[in-house]
Amino acid sequence: MSELSVEHLLGIKYLNPNDIDVIFKTADHFKEVINRPIKKVPSLRDITIANLFFENSTRTKLSFELAEKRLSADVINFSAGQSSVKKGETLIDTVNNILAMKVDIIVMRHGNVGAGVFLSKHVDAKIINAGDGTHEHPTQALLDSYSIREKLGTVKGKKIVIIGDVLHSRVALSNIFALQLQGAQVKVCGPTTLIPKHIASLGVTVETNLKKALEWCDVANVLRVQHERMDIKYFPSTREYTQLYGINQEILDNLGKKIVIMHPGPINRGVEITSDVADSNDSIILNQVENGVAVRMAVIYLLAQQIKR
Ligand code: CP
């Protein structure tokens with residue numbers, strides 16, 4: 001099957017293995033396109049896309065906008081900070097006003113869990129979730145898996161450890177779903193206070209010892225400590241967190257094997273990862289960013305094929 005089984009991209013939990021395969025094969029094509037001298041295709045000349053960002057973003061926002069422009073879509077951008085949301089306008093009113101301008105696809109980042117699902121039930125447009133609170137960040141997980149596939153040839157059978165602030169991470173949950181759909185083994189590692197209590201019910205294993213987790217894995221996906229989502233203290237100090245869970249070159253040298261290092265960004269250099277590791281040959285952090293454009297082009301293109309023109 002070369003079509004998606006879903007009408008929106010709201011979360012990885014709604015996808016099946018074939019959806020991921022279709023997205024990756026389409027992304028392979030677009031990766032070739034964006035490495036040509038002329039990096040554009042005319043595929044979506046008749047499509048208008050609105051990027052609605054109610055939370056801050058650098059990578060995701062720029063990556064979506066570039067993906068849309070590479071597909072020749074018309075693009076409008078909205079940031080909550082400069083909008084009438086500040087005057088009390090509701091999400092539905094904001095979106096309906098934008099839709100009145102004949103928008104076909106909405107890419108939305110929102111602080112509330114389920115905001116994308118809510119929107120998909122109330123408006124007549126394709127919705128792509130660009131991160132909803134601590135819930136899911138599906139395109140990040142897709143580009144992460146795509147980057148593992150590119151580096152190691154396959155995701156199937158690989159051992160991936162997700163390290164750090166799993167509790168507040170939408171990247172972690174989407175990665176767990178995506179990696180499992182592709183047959184990878186997933187472990188989470190961090191202080192018990194930052195690991196959700198019932199996470200083992202998702203079929204992942206839990207390890208609080210960083211060295212053991214790194215010895216086990218082929219790939220370490222290192223998460224940012226999300227201070228902005230913490231209303232209480234989850235560990236005594238940043239220094240102590242770094243001592244126990246920070247990835248540095250010495251720890252990696254002592255493993256006696258090479259592992260792939262990933263990070264979704266933004267990086268807190270010197271906290272969860274040192275600069276020498278983030279910038280090393282074992283790191284694919286910038287490959288993740290590059291692949292994000294091709295993967296997002298694929299998602300947008302595949303959903304746009306479902307729109308009746
Ligand atoms: N990885 C990620 O979502 O980064 P931004 O918050 O900068 O979009």
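**Ligand contacts and domain setting**

Colleague: What makes the approach of the His-137 side chain to the ligand a polar contact?

Modeller: An N or O atom in the His-137 side chain is 2.9 Å from a ligand oxygen atom. A polar contact is a pair of N or O atoms within 3.5 Å, so this pair qualifies. The model is predicted: local features need pLDDT of at least 70 and side-chain atom pairs pLDDT 80 or more, while totals for chains, interfaces and linings use all residues. Residues are numbered from 1 along each chain as its sequence is written, and side-chain values use heavy atoms, without hydrogens and water.

Colleague: Which distances do Thr-60 and Arg-109 show to an oxygen atom of the ligand?

Modeller: A polar side-chain atom of Thr-60 lies 2.6 Å from a ligand oxygen atom. For a side-chain N or O atom of Arg-109 the distance is 2.9 Å. Taken alone, the ligand exposes 250 Å², of which the protein buries 91% (Shrake-Rupley areas, 1.4 Å probe).

Colleague: How many residues of each class does the shell around the ligand have?

Modeller: The shell has one nonpolar, six polar and two charged residues, with Gly counted as polar and Arg as charged. Ser-57, Arg-59, Gln-140 and Pro-264 are among the residues surrounding the ligand.

Colleague: Why is the ligand said to lie between domain 1 and domain 2?

Modeller: Domain 1 (12–136 + 289–304) and domain 2 (138–288) both give residues to its shell, so the ligand lies between them. These bounds come from an automatic or database domain assignment.

Colleague: How many residues of domain 1 and domain 2 are in contact?

Modeller: 31 residues of domain 1 are in contact (heavy atoms within 4.5 Å) with 29 residues of domain 2. The C-alpha centres of the two domains lie 25 Å apart.

Technical notes. A residue is near a molecule or strand if one of its heavy atoms lies within 4 Å of it. A polar contact is a pair of N or O atoms within 3.5 Å; within protein, one must be able to donate a hydrogen and the other to accept it, and residues adjacent in sequence count only if both atoms are side-chain atoms.
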